Amino acid sequence: MNNETIVDRKVIIFQLNDEEYAVSVQQVGSIERIQPITRVPQTADFVKGVINLRGVVTPIIDLRVRFGLKETEFTESSRIIIVYLDEMEVGLIVDAANDVIDIPEDTIEPAPEVIGSVDVDYIDGVAKLDNRLLILLNLQKVLTKEEINELKSVEG
Amino acid sequence: MDTTQYLDVFIDESTEHLEELYKQLLELEKNPEDKTIIDEIFRAAHTLKGMSATMGYTNVANLTHKLENIFDGIRYDKIAVQSDMIDILFDAVDQLNAIVEDIGNGGDGKRDVSHIVTYLDKIEKGEKEKVNVKESKKNESGQAFNTLETVKSLDQFEISILKESSERGFSNYEISVHLSEDCLLKGARVFMVFEVFEKLGEVIKSEPSVNELEEENFENTFTVLLVSQLKEEEIKSKIMKVSEVDKVIINYFSVDTYTQEQKDKESAMEVQEETEIPEKNKTEDKSTGKSTLSKTIRVNIDRLDVLMNLFEELVIDRGRLEQISMELDNDDLQETVERMTRVSGDLQNIILTMRMVPIDQVFNRFPRMIRQIARDLNKIVEIDIIGAETELDRTVIDEIGDPLVHLIRNAMDHGIELPQERKAKGKPEKGTITLEAYHSGNHVFIEISDDGGGINKRKVLEKAITNEVISSAYAETLSDQQIYELIMESGFSTADTISDLSGRGVGLDVVKNTIESLGGSITIDATIDEGSKFSIQLPLTLSIMSVLLVELQNEKYAVPLSSIIETSIIHKDRIMNAHNKSVIDFRGKVVPLAYLNKIFTVPQTNREDQEYLSVVIVRKGDKMAGLVVDSLIGQQEVVLKSLGDYLSNTFAISGATILGDGEVALIIDSNALIK
C-alpha cells in the first residue's frame, strides 16, 4: 500500500468555447447570472465594466476576450464567476458553469507545449479525467494588472 | 495580572494625556505663574503614572513620577519655572511619547531614560530635602511617626480591620523582627515566629509577604502588623524566646494617625485612591468639573466603518424603494416610504456626525512643532489656533495631517522672517501663524496664514522659468493667483538655502495632490511683506455625497456637486473654435468644452446631433471646463464606492455608486478633465 495520500484539488469547472476550464473553489466566491453591466470607459477591451454585486461594485472581465477567443452574445447559460484574489474581487464571464469536481493531484500535467502555438502563462496545467480534458487556470496571471496598465498607456 | 486586553485603552489614554502634557507645558512657558496649569499637568502626569504602573511599564511610571515631583516643587514655589527647564521637561515628555509609541507598536516599552532622569534630578535638587522627605514618606509610611521598617500602603480592608480592633480595645503593633546574621533556616524561624504571633493575636499584614518569607526571599528582617490584647513587653519577650531572633522592635501603630498621614499626603501629592475626597478640595473641584463634561464611550473605528457600510446599503435600498413606490402609485406605500426616507435621513446625519472628530486632533500637535522649528530656525513664532473644535470626517482627518504639517513648516521656513529682518521692516519681532478652521456649507475650510514676507512674485516666476515649470512667454499671461499657485507645481523651491525643513522642491505639490485626492482644493493668496495665506477647502465626508446625474446616450454618470458651478443649455452656434478646441463664452470667460461622449467613447446609438447642448460647468481652482452631456437627470445623494483594486487607475473616474434601480453609475472625476 502506498502511504502517500493523494491530494485532491476541488475545482469549479466552466465552459469556454467548448473547452473546459477549472479554477480552485477556494478562490471562487459565488456564481451569478448575467446582470446589467455598467461599462467603464478607458479600460482594456476585456474589461466589460462593473456590476452591483449585493452592494459591492465589482469589475467584470469577459474571459473570451481575455483569452483571445471570439466574442459572442451572452446566452441563458452564461454565468459570472466571482473570484477573489489578493483582496481583489473580480467577476469572470464564462459560457457556462455547472460542475464542482475533485481532481487528483497526480492527473495534473504541465500545459503541453507545441511548436508554433503561442505560449500563454495563465495556464497552470491540464488534467485528464476520464474523457475530459480540464485546463487549470492560474488566476494570478489571468488578472495581472500589468496588462491593463499596458493597454492604458498605449491608449493614453 | 493579564493586562493585554487593556493595552489599547492604555495607549489611547496615554496618548491623550501626553498631548495634554504638551499643551499645558506650552501654556506654562507662556504663563509660568499660572498655578492652574501646574495642576493640569500634575493631573495628567499622575494619571499617566498610575496607568503605566498598573500596566507594568516602570520606565513610564518612573519618569512621570519625576515629573510629578518637579511640578509639586513648582506648585509650592520650591522651584522656579525657567526656559531651559521647560526644554528638559519637553524632552522628558518626548521620551514618554516615544515609549508609549513603542508600546503601541508592540514593543516592551523599555528605553534608556537615564540621562533624562539625571536632568530631572538636577531640577529637583533645588528642593532636594523636600523630595527626600516625600520619597521616604512614600516608601515607608510608618516612618513619619515611628522609626520602624517598611509597611507599605494598607488597603481599605486592612485599615478597617485595624480600626475595628482598636475600637474593641485591641492594640495594633508594628513589629520588626531581626533574625541573627548566621541564621541558617530562616524560613523555619519565620514559621516559628509566626506561630508565636498566632497565639498572641492576629497578623494583619506582613512585609515582605508571608509567601516571600516562607521562600526565604528576605534579608534578615521582616515586619508585621499585629493586632493583640497583650502589652508590648509581653509580646517582645515571647518572640525573643524563639532562638536566633536577634532583635525585636515593637511600635504602637495608630490607624488614625496613619489615615491622617495618608490624607495629608494625598492632598499634597494627589496620590492614589480617591477615598478621602472631602479632604482634597482641589481634586474635588476637578472631579465636579469633570462630571459636567459630556459622557462618552470609546468605539472602535472599525465598528463605525461597518455601521457606515451597512447604512450605505440601506441608502441604496431606500433609493430603490422610492422608485418602486413611485411606479406603484400606492398612497400607503408612498407615505411609508417617505417616512422611512426621513428617518433614514436623520440616521444618516447621526452616523456621519459619529464619525466626525474635532480637527483639534490634528491641530494640537502644531504648537509643539512650531516651538521646536522656531528654535531650530532662530525665529520667534507664535501660533494662533481658531476653530479647533470644527469637526471633520475621520477619514479626512487621517489624511489631512501631513499636508498641514508641510504647509506650516513652509510658512515657518519661507514665510516668517528672522527677527532682525522683521524689525527692519517695522514689524514685531515675533511672527504669527494663524491656523483657522471653519464650516461653510458642505465644506470645511482650513486656512493657514502667516504675517511673514509674503510671496515674491518675480522670484517665483524666475524660478519657475529656470526650472522649466513654465515658459517665459506663458509667464506674462499669468494672474497673481496663478503665479502663487506655481509654487505648488512639482520641481519647485524658492528658499535660497535648502534646509531640511522644506525647500526640497517636493513638498507643496504633494500637498496639493493629497488635498485634491480628498476632493478638496487649495488656493494661495499673498501680499508682499504682509504675509501669505493658504486656504484649503475640504468635503465634510468622503463616503456620501451629492451628485448631479447626467446621461450620455444610454449610460448614466454622476458629477460631484462640489465641483459644479452651474449647468446650462447652449445653442450649437455659440460654440467657438480656438486653436482647434471647442470653447464657449461663459459669463465673459472662455471655457473649453469637453465632449464626454468622445472622452468616454460611449457607443453611439441612433440619437442625432442636437441643436442645443447640455453643458455642466465644472471648476478646479480657478480653471473651468464645460462638460458636454446628452441630458441632465437631477441631483441625488449617493454613496461613493470604489471600483475595486482591479480597476484602481481608471482615467477621469473617481469611483462608482449604486443607483435606486440597482445599476451602477460611474462618478466622474472632473479634476482630471481640466488641464
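In this predicted model, helix α8 (residues 186-200) of chain B packs on helix α10 (residues 232-240) of chain B at an angle of about 150 degrees, the axes being 9 Å apart. Angles over 145 degrees count as roughly antiparallel, and α8(B) and α10(B) are therefore roughly antiparallel to each other. The crossing in which α8(B) passes α10(B) is right-handed. On the α8(B) side the contact is made by Val193(B), Val196(B) and Leu200(B), and on the α10(B) side by Ile235(B), Lys238(B) and Ile239(B). Sorted by class, the residues of this contact are five nonpolar, no polar and one charged.

**Helix packing around α1(B)**

Helix α1 of chain B covers residues 7-30, and helix α4 of chain B covers residues 83-104. These two helices pack at an angle of about 165 degrees, with 10 Å between their axes. α1(B) and α4(B) are therefore roughly antiparallel to each other, and α1(B) passes α4(B) in a left-handed crossing. From α1(B), the contact takes in Ile11(B), Ser14(B), Thr15(B), Leu18(B), Leu21(B), Tyr22(B), Leu25(B), Leu28(B) and Glu29(B). From α4(B), the contact takes in Ile86(B), Leu89(B), Phe90(B), Val93(B), Leu96(B), Asn97(B), Val100(B), Ile103(B) and Gly104(B). By class, the contact of α1(B) with α4(B) has 13 nonpolar residues, four polar ones and one charged.

α1(B) also packs with α2(B), at an angle of about 155 degrees and with the axes 9 Å apart. That angle makes α1(B) roughly antiparallel to α2(B). The crossing of α1(B) and α2(B) is left-handed. Among the α1(B) residues that meet α2(B) are Phe10(B), Glu13(B), His17(B), Glu20(B), Gln24(B) and Glu27(B). Residues of α2(B) in this contact include Ile37(B), Glu40(B), Ile41(B), Ala44(B), Thr47(B), Leu48(B) and Met51(B). The contact of α1(B) with α2(B) divides into eleven nonpolar, four polar and four charged residues.

The three helix pairs are listed below.

| Helix pair | Angle and axis distance |
|---|---|
| α8(B) and α10(B) | about 150 degrees, 9 Å |
| α1(B) and α4(B) | about 165 degrees, 10 Å |
| α1(B) and α2(B) | about 155 degrees, 9 Å |

**An annotated histidine**

UniProt, in an unreviewed entry, lists His46(B) for "modified residue: Phosphohistidine". His46(B) lies in helix α2 of chain B, which runs over residues 35-55. A residue counts as buried if 20 or more other C-beta atoms lie within 10 Å of its own. His46(B) has 20 C-beta neighbours inside 10 Å and so counts as buried.

**Chain B overall and its contact with chain A**

Chain B has 24 helices and 22 strands. Of the 675 residues in chain B, 32% are buried. Among contacts in chain B between residues at least 6 apart in sequence, 67% join residues at least 24 apart.

In the interface, 21 residues of chain B are in contact with 21 residues of chain A. On the chain B side, the elements that give two or more residues are α13 (301-328), β21 (653-658) and β22 (664-668). By class, the side of chain B that touches chain A has twelve nonpolar, four polar and five charged residues.

**Individual residues**

Asn597(B) sits in helix α23 (residues 596-599) of chain B. Asn597(B) is partly exposed, because 17 other C-beta atoms lie within 10 Å. Asn597(B) and Glu551(B) are 46 residues apart in sequence, and their C-alpha atoms are 9.7 Å apart in space. Leaving out residues up to four places away in sequence, Asn597(B) touches Leu552(B), Gln553(B) and Val602(B).

In chain A, Arg66(A) belongs to helix α1 (residues 63-66). Arg66(A) counts as partly exposed, because it has 19 C-beta neighbours inside 10 Å. Between Arg66(A) and Ala44(A), 22 residues apart in sequence, the C-alpha to C-alpha distance is 9.3 Å. Arg66(A) touches Phe46(A), Ile61(A) and Val142(A), not counting residues up to four places away in sequence.

Asp121(A) is in the loop between β9 (108-109) and β10 (123-129) of chain A. With 11 other C-beta atoms within 10 Å, Asp121(A) is exposed. The C-alpha atoms of Asp121(A) and Leu137(A) are separated by 9.3 Å, the two residues being 16 residues apart along the chain.

Definitions and conventions:
Residues numbered from 1 in each chain as written. Chains lettered and ligands numbered in written order. Predicted model: local features only at pLDDT ≥ 70, side-chain atom pairs only at ≥ 80, totals over all residues. Axes fitted to C-alpha atoms, helices over the stretch in contact; angles between N-to-C directions. Helix = DSSP H or I, 4+ residues; strand = E, 2+ residues; numbered from the N terminus. Parallel < 35°, antiparallel > 145°, perpendicular 65-115°, else oblique. Left-handed = near helix turned anticlockwise from the far one by under 90°. Contact = placed C-beta atoms within 7 Å. Nonpolar A, V, L, I, M, F, W, Y, C, P; charged D, E, K, R; others polar. UniProt positions renumbered as here; feature names shortened; annotations may be inferred. Buried ≥ 20, exposed ≤ 12 C-beta atoms within 10 Å, placed from the backbone.
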